[in-house]
Amino acid sequence: MKILVVGGGGREHALCWTLAGSPLCTEILCAPGNAGIAADATCVDIGAEDVEGLVDFARREAVDLVVVGPEAPLVLGLVDALTAAGLKAFGPSGAAAALEGSKGFMKDICAKYGVPTAAYRRFTDLASAKAYVEERGAPVVVKADGLAAGKGVTVAESLPEALAAVEAAMAEGVFGSAGAALVIEDLLVGEEASFLALVDGEHILPLASSQDHKQALDGDRGPNTGGMGAYSPAPLVTPEVERRIMTEVMEPLVAGMKAEGRPFKGLLYAGLMIAPDGSPQVVEFNVRFGDPECEAVLMRLKSDLLPALIATCDGQLKSFDLRWYDEAAMTVVLATKGYPGSYEKGSVIRGLAAAEGDGESVKIFHAGTKAGPGGEILANGGRVLAVTALGADIAAAQKRAYEAVDRIDWPEGFCRRDIGWRAL
């Protein structure tokens with residue numbers, strides 16, 4: 001099969017690397033890709049949000065399966081356009097992708113179908129939003145309604161911080177059109193977990209459990225990011241907790257989306273807060289593989305991913321299963337100094353080959369890199385590398401991941417040094 005992966009980050013590198021190992025795969029293309037992906041796929045200079053360009057290319061190349069990585073093209077309706085052109089595509093329709101494209105829509109669906117989540121209100125004008133915050137008090141969570149690359153959420157510990165977040169989104173426009181509407185919700189208490197599952201419109205196949213680290217600095221401090229690291233499995237997600245997630249969250253949500261005429265097909269990611277009694281509440285839904293959870297989870301996958309993606313597209317997950325290595329995996333993200341705020345591009349990264357070693361226990365997925373004129377690897381984004389390692393347990397995976405990180409020569413980069421601390 002000829003496969004086209006859409007996107008150019010660490011998640012897409014992990015998908016290309018994993019799918020390239022399938023005996024069913026004859027060729028991997030990636031649009032637009034990056035310097036690291038180029039080692040595992042043929043990169044094509046088409047932007048991930050260029051719907052018309054991607055459809056034309058996939059048709060011209062007679063691609064057998066398109067795997068859409070990022071959320072933006074899904075929300076734009078790329079899968080709908082590919083399907084209309086007679087092409088098989090992995091990912092939800094634009095109507096189903098609204099689960100991530102609009103946090104307000106997601107909250108309303110949860111409320112309608114009894115999916116547990118924090119109490120909330122939706123706002124489209126500044127005065128009402130500020131009045132609600134002043135009435136509700138702090139702590140409170142302020143969320144831009146639309147897509148903001150993982151940066152549109154403020155967990156405000158004080159009233160001034162909450163009011164400033166509302167002002168920044170609605171008056172200053174720091175998130176552009178994504179912040180024109182807000183969701184303001186109560187702060188959930190507990191421990192976070194990421195629950196990823198393949199969904200074929202009706203049937204649900206869970207992947208290995210994982211937990212990520214959203215805040216930029218050690219000790220879960222600093223601003224929210226797209227994710228600074230992850231590990232799998234998450235000890236928090238016991239068999240009983242997984243059962244509750246399936247029956248209380250995933251099953252009613254998937255049934256609700258079907259009832260709404262928006263059946264969900266693709267990868268459904270539930271960001272959850274697990275209370276001390278094991279009860280799950282939804283923080284967010286994403287409509288694609290989490291990043292960096294994808295890198296850690298796929299490192300542990302023993303089964304061939306490609307038939308699972310095809311079964312998802314074809315509505316055949318009912319009798320499907322996946323097998324996982326017993327080893328733990330950890331991903332540590334190296335980001336450019338300044339991220340998630342302003343940062344400079346173009347610095348040289350050295351030592352990657354030494355860091356990766358034989359590649360069996362350590363894999364460096366490229367998230368934001370490009371090739372320099374002399375073939376050197378240059379930083380080309382905020383999150384730049386996802387250093388992923390396997391180990392007998394989380395402590396061993398952590399040790400191996402940070403040993404690899406320390407072999408990378410990149411003074412302009414930084415990482416958290418405590419990924420996995422909750423599990424350890």
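Let's start with one pairing in this predicted model: Asp212 has Ala230 of strand β15 as its bridge partner. That small link opens the way to a short strand and its neighbours.

**A strand with two partners**

Asp212 belongs to strand β12, which covers residues 211–212. Two bridges connect β12 with β15, and the pairing is antiparallel. Strand β15 itself covers residues 229–232. It also pairs with strand β18 (residues 328–336), again in the antiparallel sense, this time over four bridges. Here Gly229 is matched with Val332 of β18.

Which way do the residues of β15 point? Gly229 and Tyr231 go one way, while Ala230 and Ser232 go the other. Are they buried or exposed? All of them are buried. So Ala230, the partner of Asp212, is tucked away, because buried here means under 20% relative accessible area.

**Two nonpolar cores**

Now for the greasy parts. Nonpolar side chains tend to be buried together in soluble globular proteins. In this model, the largest nonpolar core brings together 53 residues. Met250 and Phe285 have the most contacts inside that core. Helix α9, running over residues 239–259, gives the core its largest share, with eight residues.

What does Met250 touch? Leaving out residues up to four places away in sequence, its contacts are Phe195, Ala197, Ile204, Ile245, Leu268, Ala270 and Phe285. Phe285 therefore turns up twice: it is a contact of Met250, and it shares with Met250 the top spot for contacts inside the core, where joined residues have side-chain atoms within 4.5 Å.

There is also a second core, separate from that one, with 38 residues. Its members include Ala41, Tyr269, Leu322 and Trp324.

**Empty spaces inside**

Rolling a probe the size of a water molecule over the atoms shows where empty space is left. How many cavities of 30 Å³ or more does a search of the whole structure find? It finds two, and here they are side by side.

| Cavity | Volume | Lining by class |
|---|---|---|
| Largest | about 40 Å³ | eight nonpolar, one polar, one charged |
| Second largest | about 30 Å³ | four nonpolar, no polar, three charged |

Around the largest cavity you'll find Val67, Val68, Leu74, Phe90, Gly91, Pro92, Leu267, Val287, Arg288 and Phe289. The second largest cavity is lined by Asp291, Pro292, Glu295, Val333, Ala367, Arg383 and Ala386.

Note on methods. Residues are numbered from 1 along each chain as its sequence is written. This is a predicted model: local features need pLDDT of at least 70, side-chain atom pairs count only at pLDDT 80 or more; totals for chains, interfaces and linings use all residues. Side-chain values use heavy atoms; hydrogens and water are left out. Buried means under 20% relative accessible area, exposed over 50%, partly exposed in between (1.4 Å probe, protein chains only). Contact means heavy atoms within 4.5 Å. On a 1 Å grid over the protein atoms alone, a cavity is a set of points where a 1.4 Å probe fits but cannot get out, and a pocket is an open set with protein on both sides within 12 Å along at least five of seven lines; lining residues have an atom within 4 Å of a point. Grid points are joined across faces, edges and corners, and a volume is the space filled by probe spheres set on the points. Ala, Val, Leu, Ile, Met, Phe, Trp, Tyr, Cys and Pro count as nonpolar, Asp, Glu, Lys and Arg as charged, and the others, Gly among them, as polar. Two strands pair if DSSP finds at least two bridges between them.
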